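The following paragraphs guide the reader through one protein chain, beginning with a single residue and ending with the chain as a whole. The sequence and the structure are shown first.

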Amino acid sequence: MACFAAPAAEAIVTTVVKKKMGNNVEMSINPFLKRIGWLGNMLWGGSALLAFEHIWHGEIVPWFPFLTGTDVLREIATSGTAMAVLVTAVWATMAAAANSIEKKALTVEADA
C-alpha cells in the first residue's frame, strides 16, 4: 500500500539533481546524466499510477491513519525498493542504448 514511496523518493532526488545541474545536463558527456530526465519521468509516472491504484482500492484514505495496512515500512523496503531498482535498471539500459545509437549516427555522419 505504500510501495510507491520508494520510487517517489528516488524521483525527488533525480528532480533535484536535474534542477541543480540546469542546462549542464544537456551538455554533459555522461550519457546517464544527459538522460536523467527520463528516469525522473519514469519514476514520477509510476509513483503517480501506483498511488492512484492504491487510492482506488481503498488502501490510502483521506483520514488518519491514511495508510490502511500495518506493514507499511516492510512494503516500502521490499516492494518499493525492488520497483525503484527495476525502473532504474530499465532506464540505464535505455540510456546506454541511446548513447550507442547516437555514437553510431555520429560516426556515420562523420564518414559521409
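Glutamate 75 has its place in helix H5. The model in which this residue is seen is a predicted one. Is glutamate 75 buried or exposed, and which side chain of opposite charge is nearest? Glutamate 75 is buried, yet it has no salt bridge. The nearest side chain of opposite charge is that of arginine 74, 5.9 Å away. Because a salt bridge requires a side-chain nitrogen of Lys or Arg within 4 Å of a carboxyl oxygen of Asp or Glu, that distance of 5.9 Å does not qualify. When its neighbours within four places in sequence are left aside, glutamate 75 is in contact with Met1, Ala2, Cys3, His54 and Gly80.

The helix that holds this glutamate may now be considered in full. H5 comprises residues 72-111, which is 40 residues. From its first C-alpha to its last, H5 reaches 57 Å, close to the 58 Å expected at 1.5 Å a residue. H5 nevertheless contains a kink of about 30°, centred on glycine 80. Glycine 80 is also one of the contacts of glutamate 75 listed above. The buried residues in H5 are Val72, Glu75, Gly80, Ala84, Trp91, Ala95, Ala98 and Asn99. What covers them includes helix H1 (5-21), helix H3 (31-34) and helix H4 (36-56).

Helix H1 can be examined in the same manner. Its 17 residues should span 24 Å at 1.5 Å a residue, and its end C-alpha atoms are 24 Å apart, which agrees. In H1, the buried residues are Ala6, Pro7, Ala8, Ala11 and Thr14. Their cover includes H4 and H5. H5 therefore appears among the elements covering H1, just as H1 appears among those covering H5.

Just after H1 comes glycine 22, which takes a positive phi of about 60°. Glycine 22 belongs to the loop between H1 and helix H2 (24-27). With a relative accessible area of 36%, glycine 22 is partly exposed. The C-alpha atom of glycine 22 is separated by 35 Å from that of isoleucine 60, a residue 38 places apart from it along the chain.

Charged side chains are the next topic. How many salt bridges does the rule give? The count comes to three. In one of them, the side chains of lysine 34 and glutamate 102 meet at 3.2 Å, N to O. Lysine 34 lies in helix H3 and glutamate 102 in helix H5, so this pair ties together parts that are 68 residues apart in sequence. Lysine 34 counts as partly exposed, at 27% relative accessibility. Glutamate 102 is partly exposed as well, with a relative accessible area of 33%.

Glutamate 102 also forms a salt bridge with arginine 35, and here the closest N and O atoms are 2.9 Å apart. This pair, too, links distant parts of the chain, since glutamate 102 is in helix H5 and arginine 35 in the loop between H3 and H4, 67 residues apart. Arginine 35 has 6% relative accessibility and counts as buried.

A further salt bridge joins aspartate 71 and arginine 74, whose closest N and O atoms are 3.8 Å apart. Aspartate 71 is partly exposed, its relative accessible area being 40%. Arginine 74 counts as exposed, at 52% relative accessibility. Where salt bridges share partners, they join Lys34, Arg35 and Glu102 into one network.

It remains to view the chain as a whole. Its secondary structure comes to five helices and zero strands. Read from the N terminus on, the elements run α-α-α-α-α. The radius of gyration of the chain is 18 Å, well over the 13 Å that the globule rule gives for 112 residues, so the chain is more spread out than a compact globule. Taken along the principal axes, the C-alpha atoms fill a box of roughly 65 × 25 × 20 Å. Of the 112 residues, 28% count as buried. Among contacts between residues at least 6 apart in sequence, 78% join residues at least 24 apart. The pair of lysine 34 and glutamate 102, with its 68 residues of separation in sequence, offers one view of parts of the chain being tied together across a long stretch of sequence.

Terms used: Residues numbered from 1 in each chain as written. Predicted model: local features only at pLDDT ≥ 70, side-chain atom pairs only at ≥ 80, totals over all residues. Heavy atoms only, no water. Helix = DSSP H or I, 4+ residues; strand = E, 2+ residues; numbered from the N terminus. Expected span 1.5 Å × (residues − 1). Bend = angle between axes of the 7 residues up to and from the residue. Buried < 20%, exposed > 50% of the residue type's maximum accessible area, 1.4 Å probe, protein only. Contact = heavy atoms within 4.5 Å. Lys, Arg positive; Asp, Glu negative; His and termini not counted. Rg over C-alpha atoms; globule rule 2.2 N^0.38 Å.
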